[in-house]
Amino acid sequence: SFSHSGEFLVSSSGDWLVIVWSTKDFSPSAVFQESVAPVTCSVWSPDDTMILSTSHDGKFRLWRVHDLWTLKESSGPHRGHLWSCTFSSDQQYALTSGHDGKIVLWDLKQMLERNK
């Protein structure tokens with residue numbers, strides 16, 4: 001998916017990587033690698049400071065872009081592979097869907113406050 005600024009593109013794939021690409025020359029700008037399974041979805045937060053990803057290990061990961069830090073990793077109520085993810089426009093919530101047919105709404109603001 002393209003960042004909202006249009007400067008970057010994020011990709012996810014079966015090689016377990018989430019890669020941020022520059023749209024100027026399509027070179028890799030950052031590589032996130034903490035998944036232990038194929039990554040099925042990766043999207044930018046509305047302000048382009050975070051990336052949300054889902055994977056076949058049943059987890060979603062929330063990454064901080066500027067320092068490649070994993071802000072949150074969670075599995076929760078899904079069983080099996082996760083397929084897609086998105087942010088709410090205010091970045092307070094994330095939505096994930098999985099092979100189990102469930103759609104889960106995550107309160108990111110609350111989750112991140114608990115991590116402090």
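**Briefing on a predicted ten-strand, one-helix model**

The protein exposes about 6300 Å², of which carbon and sulfur atoms supply 55%. The model is a predicted one, and its secondary structure consists of one helix and ten strands. Read from the N terminus, the order of the elements is β-β-β-β-β-β-β-β-β-β-α. The radius of gyration is 13 Å, close to the 13 Å that the globule rule gives for 116 residues, so the protein is as compact as a globular protein of that length.

**Overall dimensions, burial and charge**

- The C-alpha trace of the protein spans about 40 × 30 × 20 Å when it is taken along its principal axes.
- Of the 116 residues, 41% count as buried, and among the contacts with a separation of 6 or more, 38% come from residues that are 24 or more positions apart.
- The protein carries 10 positive and 13 negative charges, and the mean positions of these two sets are 8 Å apart.

**Strands E1, E2 and E3**

- Strand E1, which covers residues 8-12, pairs with E2 in the antiparallel sense over five bridges, and within this pairing Ser12 stands opposite Val18 in E2.
- E2 also pairs with E3 in the antiparallel sense, here over four bridges, and Val18 stands opposite Phe32 in E3.
- Strand E2 (18-22), which thus has E1 as a partner and E3 as another, is mostly covered, with four of its five residues buried.
- In a regular strand, side chains alternate between the two faces of the sheet.

**Positive phi values in the connections**

- The hairpin of E1 and E2 has five residues between the strands, and in it Trp16 takes a positive phi near 75°.
- The hairpin of E2 and E3 likewise has five residues between the strands, and in it Phe26 takes a positive phi near 55°; Phe26 has this positive value although it is not a glycine, and it lies in the loop between strand E2 (18-22) and strand E3 (28-32).
- Asp48, a residue other than glycine, has a positive phi near 65°, and its position is in the loop between strand E4 (39-44) and strand E5 (50-55).
- Asp48 has a relative accessibility of 18% and therefore counts as buried, the cut-off for that class being under 20% relative accessible area.

Notes. Residues numbered from 1 in each chain as written. Predicted model: local features only at pLDDT ≥ 70, side-chain atom pairs only at ≥ 80, totals over all residues. Heavy atoms only, no water. Helix = DSSP H or I, 4+ residues; strand = E, 2+ residues; numbered from the N terminus. Rg over C-alpha atoms; globule rule 2.2 N^0.38 Å. Buried < 20%, exposed > 50% of the residue type's maximum accessible area, 1.4 Å probe, protein only. Contact = heavy atoms within 4.5 Å. Areas by Shrake-Rupley, 256 points an atom, 1.4 Å probe, with all protein chains shown as cover. Lys, Arg positive; Asp, Glu negative; His and termini not counted. Charge placed at Lys NZ, Arg CZ, Asp CG, Glu CD. Pairing = 2+ DSSP bridges.
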